[in-house]
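Here's a quick walk through one chain, from its overall dimensions down to a couple of individual residues. Have a look at the structure first.

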Amino acid sequence: MSNVPLTIIAITTAKPGKEAALGAAQENLVAETLIEDGCLRYELHQSLDDGRVRVFVESWASEQQWRAHMEGAAMQRFQASGVGEYFADFALHRLTKVTG
């Protein structure tokens with residue numbers, strides 16, 4: 001596992017009619033995650049073209065700390081809340097900075 005900073009782009013699309021419920025749960029997740037060890041950035045953006053689409057932009061000090069977040073209490077509460085039923089689509093992209 002690498003100790004270099006890691007950036008995550010997660011694109012979510014809510015099922016029709018589930019936008020508000022999913023959005024509220026995502027906003028709670030952001031508030032809890034921002035105080036986690038290794039979290040450098042955790043932002044939630046909404047598409048101007050489609051209100052069902054939200055994009056997380058995350059930066060972590062290391063992949064290990066991101067993995068701890070994915071298994072941590074905030075993420076467990078998020079998943080246990082039933083939000084999985086609100087997603088129409090989900091895509092996760094892990095990125096590392098390339099310098100030349």
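## Overall size

The radius of gyration of this predicted model is 14 Å, and a compact globule of 100 residues would come out near 13 Å, so the chain agrees with the globule rule. Put the C-alpha atoms in a box along the principal axes and you get roughly 45 × 30 × 20 Å.

On burial, 34% of the 100 residues count as buried. The accessible surface of the chain is about 6,100 Å², with carbon and sulfur atoms supplying 53% of that area.

## Fold order and contacts

Which elements do you pass when reading from the N terminus? The order is β-α-β-β-α-α-β, which comes to 3 helices and 4 strands.

Sequence-distant pairs show up a lot in the contact list. Take the contacts between residues at least 6 apart in sequence: 72% of them join residues at least 24 apart.

## Charges

The chain carries 9 positive and 13 negative charges. Average the positions of each set, and the two mean positions sit 2 Å apart.

## The β2–β3 hairpin

Strands β2 (residues 39–46) and β3 (residues 53–60) run antiparallel and are joined by 7 bridges. The hairpin linking β2 to β3 goes through 6 residues. As for one specific pairing, R41 has S59 in β3 as its bridge partner.

## Two residues to zoom in on

Is S59 buried or exposed? This residue of strand β3 has a relative accessible area of 14%, and since the cut-off for buried is under 20%, S59 counts as buried. Setting aside residues up to four places away in sequence, S59 touches L6, T7, G38, C39, L40 and R41; R41 is also its bridge partner. S59 also gives an example of a long sequence separation: I8 is 51 residues away along the chain, yet the two C-alpha atoms are separated by 6.3 Å.

Q46 belongs to strand β2. Its relative accessibility is 44%, and because partly exposed covers the range between the 20% and 50% cut-offs, Q46 gets that label. Beyond its neighbours within four places in sequence, Q46 is in contact with G51, V53 and R54. If you want a C-alpha distance for this one too, Q46 and E27 are 11 Å apart in space, with their positions 19 residues apart in sequence.

Conventions:
Residues numbered from 1 in each chain as written. Predicted model: local features only at pLDDT ≥ 70, side-chain atom pairs only at ≥ 80, totals over all residues. Heavy atoms only, no water. Pairing = 2+ DSSP bridges. Helix = DSSP H or I, 4+ residues; strand = E, 2+ residues; numbered from the N terminus. Rg over C-alpha atoms; globule rule 2.2 N^0.38 Å. Buried < 20%, exposed > 50% of the residue type's maximum accessible area, 1.4 Å probe, protein only. Contact = heavy atoms within 4.5 Å. Areas by Shrake-Rupley, 256 points an atom, 1.4 Å probe, with all protein chains shown as cover. Lys, Arg positive; Asp, Glu negative; His and termini not counted. Charge placed at Lys NZ, Arg CZ, Asp CG, Glu CD.
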